[in-house]
Amino acid sequence: MKFNIRLNKTENSKLSEVDFDNIPFGKVFSDHMFVAEYKDGEWKDMRIEPFGYFEVHPACLALHYGQAIFEGMKASADAEGNAYFLRPEKHIERLNNSARRLCMPEFPEEAFLQAVHGLVDLDKEWIPKAKGSALYIRPYMFADGEFLGVRPSDSYKFIIFTGPVGPYYPKPVSLFAETKYIRAAEGGIGEAKASGNYSASLLPAREAIEKGYDQILWLDAKEFRYIQEVGTMNIFFVIDGKVITPVAGGTILKGITRDTVIKLLRSKGYEVEERPVTIDEVAEAHKNGTLQECFGTGTAAVVAHVHLIAYNGEDMTLPAMETRKIGKFVKDTIDGLRDGTVEDTEGWIVPVKALETA
Ligand code: COI
């Protein structure tokens, strides 16, 4: 089914103002955005329009009770300038899972794909060419109903905007295993890509940064033993040749890059265990010399090597970067899939198409 998406192009492109040799993460925004409104039980008024401010009512429900969810995806280009997505359908699938958990309306998959293709095609000149760079795409939905009682809103906005980005973590990161604060408990909203999950990480992350670390490593909410994820990405360990990642059992984000990495490794014959993994197991492996690698995965971070984990007053320094075969393989493969230098044998790469309307 084709949806009617109106197009209103900007007359003031900002493209010529961008310094593509020096792009920080998340500060540069492309010319257009997609907007849709949910009212009277349906999504309507879908349009691509110039990127810019919009008004919200002071009683906007998302600002008070947190009905807000988002996605992070990327588009990249090959040497000829053809633009691609990696597994775009996975993002609308996850957005709709998040929507169900937060009592928000689902967004039609077809409309999402039409919108994201049309938007990225329109702004494809904004895709940066440098290695490790991409056009970051931020779809999000929030309750814009005007009401002070605690109940699901009856109106919502769904927006997609984009912006060129460089690497989220240009250098390997250090993690502080958090034993005071928690991210999510069983039965909570930990699996949803809900804004509130990220606000919960801000104070602990700030305290970790004040102690000299880059990010927090979340442990479980009951015992502070089982590793969950990092504040900004999922986590993998390589212990004695085996790749281990915490099971996505409801309290952690079901990362799409996490899934891509698991599939890539299994297709190359690596053993990957998705299972509960304790911080003590990691500390023990560090002690006996079998902790070979640790890396985080996420759309923004792609694959970020971890060089140190702090736990229980001890700084565990991990093996040197030159020895990181598995993390390097997955990072190079994902970068290569994105820039067309690695063959896509899984059907993950989707060429960007121009806007189709009804
Ligand atoms: C992403 O990886 O795209 C996210 O949404 C996480 C955020 C830290 C940028």
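Contact is taken here to mean heavy atoms within 4.5 Å. The model under discussion is predicted, and two places in it are considered in turn: a pair of packed helices and a loop residue.

Under that criterion, helix H6 meets helix H8 through Thr257, Thr260, Val261, Leu264 and Leu265, whose counterparts in H8 are Ile326, Phe329, Val330, Thr333 and Ile334. By class, the residues of this contact comprise seven nonpolar and three polar, with no charged residue.

Two packed helices are described by the angle between their axes and the distance between the axes. For H6, which spans residues 256–267, and H8, which spans residues 325–339, the angle is about 110 degrees and the axes are 10 Å apart. Because angles of 65 to 115 degrees count as roughly perpendicular, H6 is roughly perpendicular to H8. The crossing in which H6 passes H8 is right-handed.

The second place is a loop. Asp144 is found between strand E7 (134–143) and strand E8 (156–165). Is this residue buried or exposed? Its relative accessible area is 12%; buried means under 20%, and Asp144 is therefore buried.

The side chain of Asp144 takes part in a polar contact of 2.7 Å with the side chain of Ser155. In addition, a polar atom of the Asp144 side chain lies 3.2 Å from the backbone nitrogen of Tyr156. When neighbours within four places in sequence are left aside, the residues in contact with Asp144 are Glu37, Lys39, Cys60, Ser153, Ser155, Tyr156 and Lys157.

Note on methods
Residues are numbered from 1 along each chain as its sequence is written. This is a predicted model: local features need pLDDT of at least 70, side-chain atom pairs count only at pLDDT 80 or more; totals for chains, interfaces and linings use all residues. Side-chain values use heavy atoms; hydrogens and water are left out. Axes are lines fitted to C-alpha atoms, for helices over the stretch in contact, and angles run from 0 to 180 degrees between N-to-C directions. Helices (H or I, at least four residues) and strands (E, at least two) are DSSP runs, numbered from the N terminus. Angles under 35 degrees count as roughly parallel, over 145 as roughly antiparallel, 65 to 115 as roughly perpendicular and the rest as oblique. A crossing is left-handed if the near helix is turned anticlockwise from the far one by less than a right angle, and right-handed if clockwise. Ala, Val, Leu, Ile, Met, Phe, Trp, Tyr, Cys and Pro count as nonpolar, Asp, Glu, Lys and Arg as charged, and the others, Gly among them, as polar. Buried means under 20% relative accessible area, exposed over 50%, partly exposed in between (1.4 Å probe, protein chains only). A polar contact is a pair of N or O atoms within 3.5 Å; within protein, one must be able to donate a hydrogen and the other to accept it, and residues adjacent in sequence count only if both atoms are side-chain atoms.
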